[in-house]
Amino acid sequence: MSVSAPARGSITTRLRGRYDRNLWFAVFVGPFVLGLLVFVYIPIVWSVVLSFFDAHNTVTPSKFVGLGNYLDMIRDASFRSSLLTFILFALFIVPTTFVVSLGLALLVNRARFARTFFRSVYFLPTACSYVVASLVWKLSIFSGVRFGLMNTVLGWFGIEPIAWLSVTQPPWYWLVIVTARMWLQAGFYMILFLAGLQRISPSLYEAAAIDGAGGWKVLRFITLPQLRATSTAVLLLLLINAFQAFDEFYNLLSSSGQYPPYARPPLVYLYYAALGQGQDFGHGSAGAVVLTLLIALIALGQNRVLGLGRRED
Amino acid sequence: MANIQRSGSDKAGSVIRYVVLGVGAVFFLLPFYLLLRNGLSTEADITSPTWKLFPSTLHWSNISDLFSDPAVPMARSLVNSLVIAVVQTVGVLVISGLAGYGLARIPFRYANAVFYFIVATLLIPAAVTFVPSFVLVSSLGWVSTLRGLIVPGLFQAFATFLFRQYFLNFPRELEEAAQLDGTAYWGTFWRIVVPNSAGFIAAIGTITFIGSWNAFLWPLVIAPDQNSWTVQIALSTFLTAQTINLPQLFIAASIAILPLVVMFVFLQRWIVEGVERSGISE
């Protein structure tokens, strides 16, 4: 379809386009683009600028420090440990959530009775916030005292109460953090897998049945390969979400304004660096830029390895 | 679906499946039960050395105590959360719906460039931008205001992207019939497209509402003042406080999830459909 305006005519006619199309495009898309420009693009550019300046307690750049903030961040042991925390967290959360949500999807998909009920039950935690989940996990299930649910259960087996969130050796807090997020997220990814399972042609399973293949073989040679695109998307989403972990770390581990030195994922680190007592926006911005670049690198790398978006049929 | 082979051993397999599903369901529902149980208990019940499945008596008065406690701005926080979530949901539906339709249907020479401009922001992890966004919003003087909490969340690139994909697949015949009448884009959109897209709009609306109601990092950063707390911030503050009134905290959390659970039960079908149609897993 030809989009260009007629060659002749006044500038206003040309700006408006044929049938005023340009004008209507501006009316429909304009507000959104303008908002994006002001509330996403300008802050990001501003942040990149600030990252080269010394900006304590002020959002206007004062003293140019070049790459100083970046060097400080990379030299900062606690910033590096925040990245390590993310890697550890991702190593726990990505595979477990993947397996649990895939498992639930396979089970729910084959259930002929009460299928909607089970789907709803597993999906329901999606409506819950990290704050509420943290509250139940920290004060009820994994509270480090004898009356906590988990310690009560352990007590039945004669095991002494465990201080789940306040000991670093052994680091039980990982179990608390990972299970909370898994409970919140597994149902959402289960829905994605269910959608993927619906799209697998029944004729593939019929062919497998004729060949006498069943159980694991069907899963291994039909279901999993057919779910490849979904799996890639789920992995990528899990990883991106893990990188942005903040809510449950903050709510599970901090107490009355204090945060323990261990288990600070990058966003918690940035929160305290930029908005803590120093209001150090220069370093905070440099950290945000480093993080963004890292996430982009990981996403690209994963894309290379797994081939997201590659057409498969 | 996957139940072609039906043999004797499959019956046993089916029983095992239901046992696993059932046990899993209990574990997934347990946290909801604990919220209610603790919320309707006394402090002594919760901290009793022998764990109780049911509270000895149901303390419904915990609810009125919560709302009459002057130290806990619960009512205010709930109202703030409701206003923010409703305005953001309506705003996102209008702004992203219009943009998605424009991108999908109105021929414009630079439409592709505009589309890339939008999609590029999806690659930037939203939470990482909290530092620059704080810098901008605070320099506008919007700290601890509803504006500061609401406005930056109105421009959701992902919602626009989903609307565009959806409108690309919207049957053109319906719109063409209207356009023969001489109805322009504006009229076609509101009179033909919107009424015929109720399901998808409900899906995006529900997802936006949940995200807005449950948002934590942005309200934490931008609303330090008690009057502008959202319900999540209020809960978090009591959760990390030095002295905690356990039943009060749990009943507050139960009240905080109530609107979403109700919404979820009624709109789940559309959320699932919306997620499935989002094309994430294609």
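1. Buried here means under 20% relative accessible area. Gln185(A) has 8% relative accessibility and therefore counts as buried. The model is predicted, and the values in this note are computed from it.

2. Gln185(A) sits in helix α8 of chain A, which covers residues 173–198. Beyond its neighbours within four places in sequence, Gln185(A) is in contact with Thr97(A), Tyr130(A), Leu238(A) and Asn241(A). The C-alpha atoms of Gln185(A) and Ala127(A) are 9.9 Å apart, with the two positions 58 residues apart in sequence numbering.

3. Val234(A) belongs to helix α11 of chain A, residues 228–243. Is Val234(A) buried or exposed? Its relative accessibility is 0%, so Val234(A) counts as buried. Residues up to four places away in sequence left aside, Val234(A) touches Phe98(A), Tyr189(A), Leu192(A) and Phe193(A). Met190(A) is 44 residues from Val234(A) in sequence, and the C-alpha atoms of this pair are 9.6 Å apart.

4. Chain A as a whole has 14 helices and two strands. The C-alpha trace of chain A spans about 85 × 65 × 30 Å along its principal axes. Its radius of gyration is 26 Å, whereas a compact globule of 313 residues would have a value near 20 Å. Of the 313 residues in chain A, 49% are buried. If contacts in chain A are restricted to residues at least 6 apart in sequence, 63% of them join residues at least 24 apart.

5. Next, the interface. How many residues does each chain bring to the contact? Chain A supplies 99 residues and chain B supplies 101 residues. Between them, chain A and chain B bury about 9300 Å², and 78% of this area is on carbon and sulfur atoms. Helix α2 of chain A, residues 21–50, gives 23 residues to the side of chain A that touches chain B, the largest share of that side. Sorted by class, that side of chain A has 66 nonpolar, 24 polar and nine charged residues.

6. The polar part of the interface can be counted separately. There are zero salt bridges between chain A and chain B. Polar contact across the interface of chain A and chain B is found for 14 residue pairs, both residues being at pLDDT 80 or more.

7. Side chains of opposite charge can pair when their charged atoms come close. Over all chains, the count is three salt bridges. The next three points take them in turn.

8. Arg75(A) and Asp72(A) form a salt bridge through their side chains, at 3.8 Å from N to O. The cut-off for a salt bridge is 4 Å. Both residues lie in helix α3 of chain A, residues 68–75, and they are three residues apart, about one turn of the helix. Arg75(A) has 58% relative accessibility and so counts as exposed. Asp72(A), with a relative accessible area of 35%, is partly exposed.

9. Glu248(A) and Arg181(A) form a salt bridge in which the closest N and O atoms are 2.6 Å apart. Why does this pair tie together parts of chain A that are 67 residues apart in sequence? Glu248(A) is in helix α12, residues 247–253, and Arg181(A) is in helix α8, so the salt bridge ties together parts separated by that distance in sequence. Both Glu248(A) and Arg181(A) are buried. Helix α8 of chain A is also the place of Gln185(A).

10. In chain B, a salt bridge joins the side chains of Arg105(B) and Glu175(B), with 3.0 Å from N to O. This pair links distant parts of the chain, 70 residues apart: Arg105(B) is in helix α4 (residues 74–105) and Glu175(B) is in helix α9 (residues 172–180) of chain B. Arg105(B) and Glu175(B) are both buried.

11. One loop residue of chain B deserves a look. Where does Ser41(B) lie? Ser41(B) is in the loop between α1 (8–39) and α2 (43–46) of chain B. With a relative accessible area of 1%, Ser41(B) is buried. Not counting residues up to four places away in sequence, Ser41(B) touches Ile46(B), Pro55(B), His59(B), Asn62(B) and Pro247(B).

Notes: Residues numbered from 1 in each chain as written. Chains lettered and ligands numbered in written order. Heavy atoms only, no water. Contact = heavy atoms within 4.5 Å. Buried area = accessible area lost by both parts, 1.4 Å probe. Polar contact = N/O pair within 3.5 Å; in protein donor to acceptor, adjacent residues only side chain to side chain. Helix = DSSP H or I, 4+ residues; strand = E, 2+ residues; numbered from the N terminus. Nonpolar A, V, L, I, M, F, W, Y, C, P; charged D, E, K, R; others polar. Buried < 20%, exposed > 50% of the residue type's maximum accessible area, 1.4 Å probe, protein only. Rg over C-alpha atoms; globule rule 2.2 N^0.38 Å.
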